[in-house]
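Subject: Structure handover and notes

Hi,

Here is the structure for your files. Please open it first, then read the notes underneath.

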Amino acid sequence: MKTSFNFIAVLLTILLIAECSHKAIGQNIKANYDESNVPAYSLPDPFMMSDGTRVKTLDDWVKKRRPEILAFFKSEMYGKIPEGHIDVIYETLGESRVALEGLAIRKEIRVHFSANNRDLQMDILIYLPKDVPQPVPVFIGMNFYGNHTICEDPEITRTHSWARNNEAIGIKNYMASEAPRGIRAGRWPVKEILKRGYGLATIYYGDVDPDFDDGFQNGIHTLFYKSGQTKPAPDEWGSIGAWAWGLSRAMDYFVTDPEIDQNKIAVIGHSRLGKTALWAGAADERFALVISNDSGCGGAALSRRRFGETVAIINTSFPHWFCGNFKKYNNNEDKLPFDQHMLIALMAPRPVYIASAQDDRWADPKGEFLSAKNTSPVYKLFGLEGLPADQIPPVNQPVAGTISYHIRSGEHDITLYDWEQYLNFADTFLKKD
Ligand code: GCU
């Protein structure tokens with residue numbers, strides 16, 4: 001027993017060193033921040049089928065081209081979910097009708113996944129507004145450090161999954177402690193969301209898959225391995241695919257809860273979890289509205305611009321995020337059968353909000369805007385305007401359409417300003433019947 005424990009400890013150390021050196025390599029590839037050095041590129045046409053025929057009707061888009069694009073994103077970027085059965089059981093961990101000084105209903109749902117003699121638990125924390133007509137619309141997004149970090153509520157169950165060390169907030173030995181309870185409240189304005197009549201649900205992403213390159217030996221991937229399989233096939237899911245899958249399992253719960261409006265679920269995420277929200281929205285059309293906050297490379301930003309973080313940099317720093325096939329496109333973006341505007345196109349006709357931050361050049365705000373803009377023709381096919389702007393708007397002046405966009409002043413973050421725009425957006429599209 002002791003020997004195997006030592007072996008696991010040594011293995012983990014090697015993996016963590018490998019992760020750090022990957023990061024170092026990724027960060028050593030020089031990023032371009034000069035607009036005049038953006039190479040000439042041409043974006044793939046969302047309407048050009050791979051057999052050379054053109055989408056002419058809505059039916060062509062819905063029945064042929066959308067499935068084709070979705071299949072490309074699956075096999076070449078985020079990875080397919082393996083076929084196979086795992087057991088999923090939903091357990092109500094706790095419920096309070098007087099949470100947050102009586103303002104909210106709080107539910108905690110523990111989802112038990114099991115297969116291959118392994119199991120995993122994912123906790124969904126849900127706050128619902130009180131004294132409003134039910135069922136209620138809900139925002140769902142994943143968080144970076146544990147459900148208990150999003151709000152000072154002492155009753156939120158603390159995760160026991162792997163957590164990224166961050167001594168500044170009291171996370172050591174890869175274990176979430178009590179110290180960071182409520183530390184991320186600034187990113188999750190729970191009371192404002194509730195006051196506007198929305199629920200908020202969140203999941204700690206590390207419950208589904210720990211965010212380090214462990215060779216896919218932990219997390220949900222292992223439950224799906226076929227006999228003898230030790231890692232996902234080149235076209236199977238990486239961590240972002242797994243996190244998005246976790247959001248869909250929360251969606252499976254929402255459809256069973258009569259207090260939640262299953263037709264009014266908005267999926268939201270910041271940064272790597274913004275990439276996750278976009279992929280969740282693309283892969284699972286039950287999400288009625290999709291929000292990407294500063295998702296950058298591998299999210300809303302166009303890969304072909306190679307501005308800030310690039311495909312090669314992201315695949316080197318975070319080799320576990322995308323499927324193995326995505327590495328073929330390192331320094332080879334022009335060979336991608338899509339660009340990220342086509343990921344956003346997969347949301348059509350559902351409302352989608354893309355947001356950037358002015359000082360977040362790593363995420364390429366202009367590339368995020370251009371992605372949103374180049375999606376508009378697909379929305380037009382549905383008789384919708386798409387993004388009503390030709391140029392990137394000035395900071396803090398949102399452009400509102402079925403595709404909405406803003407660039408906020410300040411840094412890479414998700415702030416109250418961002419949330420206020422998302423709540424206004426949801427009022428337009430989710431509150432109407
Ligand atoms: C890194 C990474 C980005 C990612 C960000 C985050 O900066 O390079 O792609 O979006 O982390 O998730 O905070």
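Below are the notes, starting with the ligand and then moving through the protein.

This is a predicted model: local features need pLDDT of at least 70, side-chain atom pairs count only at pLDDT 80 or more, and totals for chains, interfaces and linings use all residues. Residues are numbered from 1 along each chain as its sequence is written, and side-chain values use heavy atoms, with hydrogens and water left out.

**Ligand site**

The ligand sits in the second largest pocket. A pocket is an open set of points on a 1 Å grid over the protein atoms alone, where a 1.4 Å probe fits, with protein on both sides within 12 Å along at least five of seven lines. Sitting in one requires more than half of the molecule's atoms within 2 Å of its grid points. Around the ligand are F144, S271, R272, K275, E309, I314, F318, W321, W362 and H412. Each has a heavy atom within 4 Å of the ligand.

Three side chains make polar contacts with ligand oxygen atoms (N or O pairs within 3.5 Å). R272 places a polar side-chain atom 2.5 Å from a ligand oxygen. For S271, the distance from a side-chain N or O atom is 2.7 Å. For K275, a polar side-chain atom is 2.9 Å from a ligand oxygen. On its own the ligand has 320 Å² of accessible area, and the protein covers 81% of that (Shrake-Rupley method, 1.4 Å probe).

**N293 and Y353**

N293 is in strand β7, residues 289–293. Strands are DSSP runs of E, at least two residues; helices are runs of H or I, at least four; both are numbered from the N terminus. N293 is buried because its relative accessible area is 0% (buried is under 20%, exposed over 50%, with a 1.4 Å probe and protein chains only). A polar atom of the N293 side chain lies 2.9 Å from the backbone oxygen of D413. Beyond four places in sequence, N293 touches G269, H270, S271, A355, D413, I414, D418 and Y422 (contact means heavy atoms within 4.5 Å). S271 also lines up with the ligand list above.

Y353 is in strand β8. Y353 is buried too, at 3% relative accessible area. Its contacts more than four places away in sequence include V290, I291, S292, H406 and Y422. Y353 and H406 are 53 residues apart in sequence and 8.4 Å apart in space, C-alpha to C-alpha.

**Helix α9**

Helix α9 spans residues 365–373, and 7 of its 9 residues are buried. These are P365, G367, E368, F369, L370, S371 and A372. They pack against α8 (340–345), β8 (352–357), α10 (376–381) and β9 (403–408).

**A31**

A31 is in the loop between α1 (2–28) and α2 (58–78). A31 counts as buried, at 17% relative accessibility. Leaving out residues up to four places away, A31 touches G308, I313 and W362.

**Backbone points to check**

Two peptide bonds are cis: Q134 to P135 and A348 to P349. P135 lies in the loop between β3 (118–129) and β4 (136–143), and P349 in the loop between α8 and β8.

Helix α3 covers residues 99–102 and holds L100. Phi of L100 is near 50 degrees, positive for a non-glycine residue. E101 is also in α3, with phi near 55 degrees. L100 is buried at 12%, whereas E101 is exposed at 73%.

Best wishes

Methods: A polar contact is a pair of N or O atoms within 3.5 Å; within protein, one must be able to donate a hydrogen and the other to accept it, and residues adjacent in sequence count only if both atoms are side-chain atoms. On a 1 Å grid over the protein atoms alone, a cavity is a set of points where a 1.4 Å probe fits but cannot get out, and a pocket is an open set with protein on both sides within 12 Å along at least five of seven lines; lining residues have an atom within 4 Å of a point.
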